[in-house]
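Here is a short report on a loop residue, a surface patch and a pocket. The structure comes first.

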Amino acid sequence: MFRYMLQLIIGIFTLAISTFIAWYEGSAIIENSFEWKYSTPFTGLFNIEITNGRDISQLDYFVYAAKFQPLFPAIMMVSVLYILSIIGYYLIKRNTKWAIGFWGLTGCICMLLSGLIFNSPTIGGKFFLGLTLVSGILSMAVTVIVWLRNYKQNLAVNTNKMKTKSL
């Protein structure tokens, strides 16, 4: 249990540091008024009209950073996936049904995110498309592998029960 907790602490620490740096890098959108129309989906979601840089939602800082300076947003995403992997591995050891649902949900969310950024023309958007697509495919593959392993074990148990009943 200590190993899992230590890895979770390292993952959360990495996430916190990279989040702070990405937020700082994304604050450059305040100065770049040409990008306000294209890089502020959260401000538009809240129906806020941008008249100056202070009107921009803090969440849009991360969108801007992901589009034009994707290193630290990518580290954020990798650390979140790492934290989820640790939790998923722990679930596999404890309860395979929970693990199947967890990895399936993680895979669906990653695939949905990759669909949302499919047509991004920026280098950061293309990078995140690849990262979310590969993560989604890997999560779905883990789901299928865990399900098949669980199915095979259940089949073996049922076969053994039938053999013992016939004797």
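Asn 47 sits in the loop between H2 and H3 (helices are DSSP runs of H or I, at least four residues, numbered from the N terminus). Asn 47 is not a glycine, yet its phi is positive, about 55°. Its relative accessible area is 70%, so Asn 47 counts as exposed (over 50%, with a 1.4 Å probe and protein chains only).

This is a predicted model: local features need pLDDT of at least 70, side-chain atom pairs count only at pLDDT 80 or more, and totals for chains, interfaces and linings use all residues. Residues are numbered from 1 along each chain as its sequence is written, and side-chain values use heavy atoms, without hydrogens and water.

Phe 42 lies in helix H2. Phe 42 is partly exposed (20% to 50%) because its relative accessibility is 30%. Phe 42, Leu 45, Phe 46, Ile 48 and Leu 59 make a nonpolar surface patch of about 460 Å².

The largest pocket has a volume of about 800 Å³. A pocket here is an open set of points on a 1 Å grid where a 1.4 Å probe fits, with protein on both sides within 12 Å along at least five of seven lines. Its lining numbers 27 residues (an atom within 4 Å of a point). Nearest the centre are Phe 62, Val 63, Ala 66, Ile 117 and Phe 128. H3 gives the largest share of the lining, six residues.

| Lining class | Count |
|---|---|
| Nonpolar | 18 residues |
| Polar | seven residues |
| Charged | two residues |

How values were computed
Grid points are joined across faces, edges and corners, and a volume is the space filled by probe spheres set on the points. Helices (H or I, at least four residues) and strands (E, at least two) are DSSP runs, numbered from the N terminus. Ala, Val, Leu, Ile, Met, Phe, Trp, Tyr, Cys and Pro count as nonpolar, Asp, Glu, Lys and Arg as charged, and the others, Gly among them, as polar. Patches are made of residues with over 30% relative accessible area and no salt bridge: like charges are joined within 9 Å, nonpolar side chains (Val, Leu, Ile, Met, Phe, Trp, Tyr) within 5 Å. Accessible areas come from the Shrake-Rupley method with a 1.4 Å probe; for residues, only the protein chains shown count as cover. A salt bridge is a side-chain nitrogen of Lys or Arg within 4 Å of a carboxyl oxygen of Asp or Glu.
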